[in-house]
Amino acid sequence: MTGFGVLLARDLKLAFREGGALGTALGFYLVVVAMLPLSLGPDLNLLARIAAGILWVALLLSALLSLPRLFEADHEDGVLELLAMAPLPLEAASGAKALAHWLSTGVPLTLLAPLLGLMLNLELSAYPVLVATMLAGTPAISFIGAIGAALTLRSRRGGLLIALLVLPLYIPTLIFGISAMEAAALGTGGAGPSFLILCAISLASLVLGPVAAAAALRLQLG
Amino acid sequence: MAGKQASRTGHFPRQQSMALVVENLTVRRGERTILAGLSLRADAGAALLLTGPNGAGKTTLIRAVAGLLPVAEGRIRLEGTDQDADLEVSERCHYVGHLNGIKPALTVSENALFWANYLGGTMDDVTAALDQFRLLELGPIRAGYLSAGQKRRLGLSRLLVARRPVWLMDEPAVSLDKASQGLLAEAANKHLANGGIVVAATHQPLGFAPAIEHALQRVDGAASRPAAAAP
């Protein structure tokens, strides 16, 4: 497993050294969330009601921004074909790259979400649930997204194609993330099961994503 | 008789009897057949230089051996190695293609260290590799700031950061100056003397010795005409 750790560490180092992808994602998240109250008007009750939905949808879109570069950069400089030849299976390499994407995109976005929640008059009691559901749900964004990134590796304007391929697959994460938050806010119970399903989706994508991404990458290299 | 013949990973036993054997290899790209029934053999200790006109399939052959292209027929195997572990031939190979496989945002030594760690080399290997290609003094510089020839040398240093019995090289001397070509030849000849296998596609003399040339021919007559005007 050393190769896995080495690749993960390299991708994290590149993500924070180049910085562009992370800054873009955080900035985009901020701008989208800031624009919605401007378009809806300063109705605090309305904003509080839709805050969870806005935060989730904007997070999905922001995380999507950096997905096209997930394999593209390595493909352009010839690293990807060398990764495909290495003793570490390409499945594990894809997993390492998706994990690095989650740590460098999903986690920072999740940490920004509570701050943006302030702008939307999100109820204070909802903050812990917001962070917990996003931490549990965002791995699916990276690991499902890796499949889309691998499939569109050699297509021009792959970014738009990724959105079309991958956004529908994010719907379960979105639904259960928001339903967990609403159930927690209303105190009706049912937050637990929704949260567990959210975790299950992420775990399943953790297993299936790298396998499917590696298969797609082999197809693209051949 | 498995298509993938195997051996222990990492520190390969240096055996004189090793050979890379290509049998009846056919590779197609889409509708076009690039290689048809090609058989050849690269013995340890002598470089196999692939020559031939553009489009003869030199790159295709090397990429097929590296496992980067699907093989339609035939097989590629490594003779004379331990057969206990089922490693792919490609895992026993270093591949130097047209791209250098380096990250511009990482420094020279970080690039070399990454490949050493990823491919199972040691810190000593990294120092030796950077020294061989005269990159030690460039260690702390970001690879993005290097000249084309220096980037090429950094790409080539991967050959030495982890040990692999087979070196596959596609036009390895591109953008190298005379002195750097000498460094490459020195590294390759040392590898050959240690019982390694070298397969290189080239249009220019590389200074590898001893070496055997193999001229590839274009498969389909139609393609052998000088590039027809595209519609």
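**Entry 1: the core**

I began with the largest nonpolar core, which has 142 residues, and looked up which members touch the most others; these are A:Leu55, A:Leu217 and B:Val199. The largest share of this core, 14 residues, is supplied by helix α7 (residues 126-151) of chain A. I note for the whole entry that the model is a predicted one. As background, nonpolar side chains in soluble globular proteins tend to be buried together.

I then followed B:Val199 and listed what it touches, leaving out residues up to four places away in sequence: B:Leu20, B:Ala42, B:Leu48, B:Leu50, B:Ile62, B:Val65 and B:Leu168.

**Entry 2: chain A as a whole**

I looked up the secondary structure of chain A and found 10 helices and 0 strands, so I wrote its pattern along the sequence as α-α-α-α-α-α-α-α-α-α. The C-alpha trace of chain A spans about 55 × 35 × 30 Å along its principal axes. For the 222 residues of this chain a compact globule would have a radius of gyration near 17 Å, and the model gives chain A 18 Å, which agrees. Of those 222 residues, 47% are buried. Taking the contacts in chain A with a separation of 6 or more, I find that 81% are accounted for by residues 24 or more positions apart.

**Entry 3: two residues of α10 in chain A**

Which helix holds A:Ala215? I place A:Ala215 in helix α10 (residues 191-221) of chain A, and I record it as partly exposed because 16 other C-beta atoms lie within 10 Å, between the 12 or fewer of an exposed residue and the 20 or more of a buried one. From A:Ala215 I went to A:Pro172, which lies 43 residues apart from it along the chain, and the C-alpha atoms of the two are separated by 24 Å.

A:Leu203 also has its place in helix α10 of chain A. With 14 other C-beta atoms within 10 Å, A:Leu203 is likewise partly exposed. I paired A:Leu203 with A:Ile147, 56 residues apart in sequence, and found 15 Å between them in space, C-alpha to C-alpha.

**Entry 4: chain B as a whole**

For chain B I count 5 helices and 8 strands, and from the N terminus on the order of the elements is β-β-β-α-β-β-α-α-α-β-α-β-β. Buried residues make up 46% of its 231 residues. Among the contacts in chain B between residues at least 6 apart in sequence, 76% join residues at least 24 apart.

**Entry 5: helix α4 of chain B**

I checked the length of helix α4 (residues 148-161) of chain B: at 1.5 Å a residue its 14 residues should span 20 Å, and its end C-alpha atoms are 20 Å apart, which agrees. Is α4(B) mostly covered or mostly open? I find it mostly covered, with 12 of its 14 residues buried; among them are the charged residues B:Lys151, B:Arg152, B:Arg153 and B:Arg158, and the nonpolar residues B:Leu154, B:Leu156, B:Leu159, B:Leu160 and B:Val161. The cover over the buried residues of α4(B) includes β5 (93-96), α2 (108-119), α3 (123-132), β6 (166-170) and α5 (178-193) of chain B.

**Entry 6: helix α5 of chain B**

I turned next to α5(B), whose 16 residues reach 22 Å from the first C-alpha to the last, close to the 22 Å expected at 1.5 Å a residue. Its buried residues are B:Leu184, B:Ala187, B:Ala188, B:His191 and B:Leu192. Looking down the axis of α5(B), I see these buried residues fall within an arc of 140°, so they line one face of the helix. The face turned away from the buried side carries the exposed residues B:Lys178, B:Ala179, B:Gly182, B:Lys190 and B:Ala193. Covering the buried residues of α5(B) are elements of chain B that include β3 (47-51), α3, α4, β6 and β7 (197-201). Just after this helix, B:Gly195 takes a positive phi of about 85°.

**Entry 7: where the chains meet**

I finished at the contact between the chains, which takes 19 residues from chain A and 22 residues from chain B. On the side of chain A that touches chain B, α1 (2-18) and α5 (79-85) of chain A each supply at least two residues, and α1(A) gives the most, with 8 residues. By type, I divide the residues of that side into 10 nonpolar, 4 polar and 5 charged.

Note on methods. Residues are numbered from 1 along each chain as its sequence is written. Chains are lettered from A and ligands numbered from 1 in the order in which they are written. This is a predicted model: local features need pLDDT of at least 70, side-chain atom pairs count only at pLDDT 80 or more; totals for chains, interfaces and linings use all residues. Two residues are in contact if their C-beta atoms, placed from the backbone, lie within 7 Å. Helices (H or I, at least four residues) and strands (E, at least two) are DSSP runs, numbered from the N terminus. The expected span of a helix is 1.5 Å times one less than its number of residues. The arc is that of the directions from the helix axis to the C-beta atoms. The radius of gyration is taken over C-alpha atoms; the globule rule is 2.2 Å times the number of residues to the power 0.38. A nonpolar core is a set of buried Ala, Val, Leu, Ile, Met, Phe, Trp, Tyr and Cys residues joined through C-beta atoms within 7 Å.
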